[in-house]
Amino acid sequence: MVMRTSVLLLAVSMSTSIFAAVQQRRPADAPPPKIVVTIDLQVGGTAFNPKEVSVDRACVFAKAASLYDVPGTYRAVNWHDDRDASLNFTVWQLGKAGDGVNFELGAGGKRHRVNTVPAGPAANRTGSGKVTFVPRGAGGEFTVDLTADTGARITGRVTCSAFVPADDNGLS
């Protein structure tokens, strides 16, 4: 029993140290990291795969957040171009409340929305499906399989080369 407890404490201690090292803030005068976002989606059968872009603070991660007073974590992607195309989504993990996505894509003069987040008013929910995330180094890949409020099916992948902490992006 003592051996198991010691191993458990060592594992918790190491994971906390690793997380703290990863989450260290950069100096105030240092420029934000450039993050490469690759978007490869199909929207109602039409390709939405703008050129790979490098954007400051495009991909965000919050380890300790809340939505409608429900604690959880989130990863978010915020991208737009100068021709009114945009992609903004947040994948929430809200513990016992469940997981969900708040997703909005603007393309071809249309806005496609999905909100499957289990917290907040039911009237806010629209569309269906899910977005899953697989970490890859400092970044990761989202796999999208949604049906928007417009009826359009949205499938494909969005990849972020890295994430910045939410408290480092001006959003919180």
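# Notebook: a look through a predicted model

**Entry 1: a cysteine to start from.** I began with C59, which is buried, with a relative accessible area of 0%. I kept in mind that I was reading a predicted model. Next I looked up C160, and C160 is buried too, with a relative accessible area of 2%. Both values fall under the 20% cut-off for buried.

How many disulfides does the whole structure hold? My search found 1. A disulfide joins C59 to C160, with 2.0 Å from S to S. C59 sits in strand β4 and C160 in strand β11, so this link ties together parts that are 101 residues apart in sequence. I also noted the twist: the angle about the S-S bond is -75°, and the link of C59 and C160 is left-handed. A reminder to myself: a disulfide is a covalent bond between the sulfur atoms of two cysteines.

**Entry 2: the whole chain.** I stepped back and counted elements. The chain has 1 helix and 12 strands. Read from the N terminus, the helix comes at the start and the strands follow. Of the 172 residues, 34% count as buried. The chain exposes about 10,200 Å², and carbon and sulfur atoms supply 55% of that area. I then checked contacts with a separation of 6 or more: 41% of them are between residues 24 or more positions apart.

**Entry 3: the nonpolar core.** Which residues have the most contacts inside the largest nonpolar core? This core has 43 residues, and the ones I was after are L41, F48, L87, F89, F103, F142 and V158. Among the elements that give two or more residues to the core are β1 (34-43), β7 (99-107) and β11 (153-160). β4 gives the most, with 6 residues. My textbook thought for the day: in soluble globular proteins, nonpolar side chains tend to be buried together.

I picked V158 and listed what it touches, leaving aside neighbours within four places in sequence. V158 is in contact with V37, T38, I39 and L41, and also with V77, L87, F89, G140, E141 and F142. I was pleased to meet L41, L87, F89 and F142 again, since I had just written them down among the residues with the most contacts in the core.

**Entry 4: aromatic rings.** The structure holds 7 aromatic pairs. Y74 and W92 make one of them: their centres are 4.9 Å apart, the planes meet at 50°, and the pair is tilted. Y74 belongs to strand β5 and W92 to strand β6, so the pair ties together parts 18 residues apart in sequence. Is each ring's residue buried or exposed? Y74 is buried at a relative accessible area of 14%, and W92 is buried at 9%.

Then I turned to F89 and F142. Their ring centres are 5.0 Å apart and the planes stand at 90°, so this pair is edge-to-face. F89 in strand β6 and F142 in strand β10 are 53 residues apart, so to speak a link between distant parts of the chain. F89 and F142 are both buried. I also found that F89 and F142 belong to one aromatic cluster with F103, F133 and F163.**Entry 5: strands and hairpins.** I followed β4 into its neighbour. β4 and β5 run antiparallel and are joined by 7 bridges, and A62 stands opposite Y74 in β5. The two strands form a hairpin with 2 residues between them, and Y68 in the turn has a positive phi of about 50°.

On to β5 and β6, which pair in the antiparallel sense over 8 bridges. T73 has Q93 in β6 as its bridge partner. This hairpin has 5 residues between the strands, and D84 in the turn shows a positive phi of about 70°.

How many bridges join β9 to β10? I counted 9, with β9 (residues 128-136) and β10 running antiparallel. R136 has G139 in β10 as its bridge partner. These strands form a hairpin with 2 residues between them, and G137 in the turn has a positive phi of about 60°.

**Entry 6: one last valine.** V114 lies in strand β8 (residues 110-115). V114 is buried, with a relative accessible area of 1%. V114 and G127 are 13 residues apart along the chain, yet their C-alpha atoms are separated by 4.6 Å. Not counting residues up to four places away in sequence, V114 touches several others, including V101, F103, G127 and L146.

Technical notes. Residues are numbered from 1 along each chain as its sequence is written. This is a predicted model: local features need pLDDT of at least 70, side-chain atom pairs count only at pLDDT 80 or more; totals for chains, interfaces and linings use all residues. Side-chain values use heavy atoms; hydrogens and water are left out. A nonpolar core is a set of buried Ala, Val, Leu, Ile, Met, Phe, Trp, Tyr and Cys residues joined through side-chain atoms within 4.5 Å. Buried means under 20% relative accessible area, exposed over 50%, partly exposed in between (1.4 Å probe, protein chains only). Helices (H or I, at least four residues) and strands (E, at least two) are DSSP runs, numbered from the N terminus. Contact means heavy atoms within 4.5 Å. Accessible areas come from the Shrake-Rupley method with a 1.4 Å probe; for residues, only the protein chains shown count as cover. Two strands pair if DSSP finds at least two bridges between them. A disulfide is a pair of cysteine sulfur atoms within 2.5 Å. Rings of Phe, Tyr and Trp (its six-membered ring) pair if their centres lie within 6.5 Å; planes under 30 degrees apart count as stacked, over 60 as edge-to-face and the rest as tilted.
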